[in-house]
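Let's take a walk through this structure together, one region at a time. Keep the sequence and the 3D view side by side as you read.

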Amino acid sequence: AHVRRPMVAGNWKMNGSKALVSAMTQSLSEVSLDNVDVVICPPMPLLACVEPNKFYLGAQNVSQYDAGAYTGESSTSILSELNVRYVIVGHSERRELFAEDDQVVVQKVQAVLNAGLTPIVCFGESLKVREEGNYLEFLYAQVDAVLNGIGAKIKDCVLAYEPIWAIGTGNTASPEQAQQVHAKVREHIAQEYTDIAAGLTILYGGSVNAANAAELFSQQDVDGGLVGGASLKTDDFIAICQAAN
Ligand code: PEP
């Protein structure tokens, strides 16, 4: 039995199309997934043509600013108008390719929470950090940056452990590796926020697919998945959702 309600979120990254929106919406309408929250995160422009039905809509990014002269950016209020409920914040691709540091991540998490939306806050170590052996300290520091910014509002967040070495590589963390980090991070948060930590949804992300999802999600502290590549194929994505259901 699940202690926490499972969630599966599909991060399309800069992929997909209006046709995929239709196909995914149709496919999800045909299956029963009553025990899992399903979130679809398509690219920004496609948000406007999704009618969430049996799933929630998520954005892959958001501006930390409310409104104004920020060419190319999208605000929480615009996302809310488009029925967005979740926003991925701090994805490693945003951190690495778009230079988002912990400070920006915290500002975005605060903006999302202030708008009444739920941030899916990503954290994860590189292969170098893992091999050096001090990855738990590294991960605690990433999580602490958020905790220091929002305190007990962490209860309104979803966390996602995404080891960078597992993202898009086919090199999934083993169920034991995922469970270790999820349990340790939950324990770490529990030092200050005991009750909140027990109820916190912590997703695993990094080469989740239809074949490995069930074993990952069966781990005690793994509450579902954040899925990249496999979220672009309707059959695979539904199989992953069913594995969490
Ligand atoms: C991701 O980028 O959030 C992700 C988990 O990607 P993939 O599933 O393709 O590894």
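Before we start, one definition will help: a residue is called buried if 20 or more other C-beta atoms lie within 10 Å of its own, exposed if 12 or fewer, and partly exposed in between. Please also keep in mind that this is a predicted model.

A good place to begin is the annotated site. An unreviewed UniProt entry lists Asn11, Trp12, Lys13, Gly168, Ser207, Gly228 and Gly229 under "binding site". These residues span 219 residues in sequence, yet no two of their C-alpha atoms are more than 13.8 Å apart, so they gather at one spot.

The model also has a ligand, and 13 residues surround it. The closest are Ile167, Gly205, Ser207, Gly228 and Gly229. What is the make-up of this shell, in terms of nonpolar, polar and charged residues? It divides into five nonpolar, seven polar and one charged.

Let's look at Ser207, which UniProt lists for the binding site and which is among the residues closest to the ligand. You will find Ser207 in the loop between strand E7 (202-205) and helix H10 (213-217). Is Ser207 buried or partly exposed? It has 19 C-beta neighbours inside 10 Å, and therefore counts as partly exposed. Setting aside neighbours within four places in sequence, Ser207 is in contact with Ala166, Thr169, Gly170, Asn171 and Thr172.

Now move to Asn11, another of the listed binding-site residues. Asn11 sits in strand E1 (residues 7-11). Because 26 C-beta neighbours lie inside 10 Å, Asn11 counts as buried. Not counting residues up to four places away in sequence, Asn11 touches Cys41, Gln60, Ile88, Leu226, Val227, Gly228 and Ser231. Of these contacts, Gly228 also appears in the UniProt list.

Lys13, also from that list, belongs to the loop between E1 and helix H1 (18-29). With 18 C-beta neighbours inside 10 Å, Lys13 counts as partly exposed. Its backbone deserves a look: Lys13 has a positive phi of about 50°, although it is not a glycine. Lys54 is another non-glycine residue with a positive phi, near 70°. Look for Lys54 in the loop between helix H2 (44-47) and strand E3 (56-59), where it is partly exposed, with 13 other C-beta atoms within 10 Å.

Next comes helix H5 (residues 102-114). Its 13 residues reach 18 Å from the first C-alpha to the last, close to the 18 Å expected at 1.5 Å a residue. Which residues of H5 are buried? They are Val105, Val106, Lys108, Val109, Ala111 and Val112. The cover over these buried residues includes helix H3 (76-81), strand E4 (84-89), E5 and helix H7 (135-150). After H5 comes Gly116, with a positive phi near 80°.

Val105 shows this packing at the level of one residue. It is buried, with 24 other C-beta atoms within 10 Å. Apart from neighbours within four places in sequence, Val105 is in contact with Val89, Gly90, Glu100, Ala145 and Val146.

From the strand side, take Pro119 in E5 (residues 118-123). Pro119 is buried, with 29 other C-beta atoms within 10 Å. Beyond four places in sequence, its contacts are Val87, Val89, Val109, Val112, Leu113 and Cys157. Val109 and Val112 are among the buried residues of H5, which brings us back to that helix.

Key
Residues are numbered from 1 along each chain as its sequence is written. This is a predicted model: local features need pLDDT of at least 70, side-chain atom pairs count only at pLDDT 80 or more; totals for chains, interfaces and linings use all residues. UniProt positions are given in the numbering used here, feature names are shortened, and annotations may be inferred rather than shown by experiment. Helices (H or I, at least four residues) and strands (E, at least two) are DSSP runs, numbered from the N terminus. Two residues are in contact if their C-beta atoms, placed from the backbone, lie within 7 Å. The expected span of a helix is 1.5 Å times one less than its number of residues. A residue is near a molecule or strand if its C-beta atom, placed from the backbone, lies within 6 Å of it. Ala, Val, Leu, Ile, Met, Phe, Trp, Tyr, Cys and Pro count as nonpolar, Asp, Glu, Lys and Arg as charged, and the others, Gly among them, as polar.
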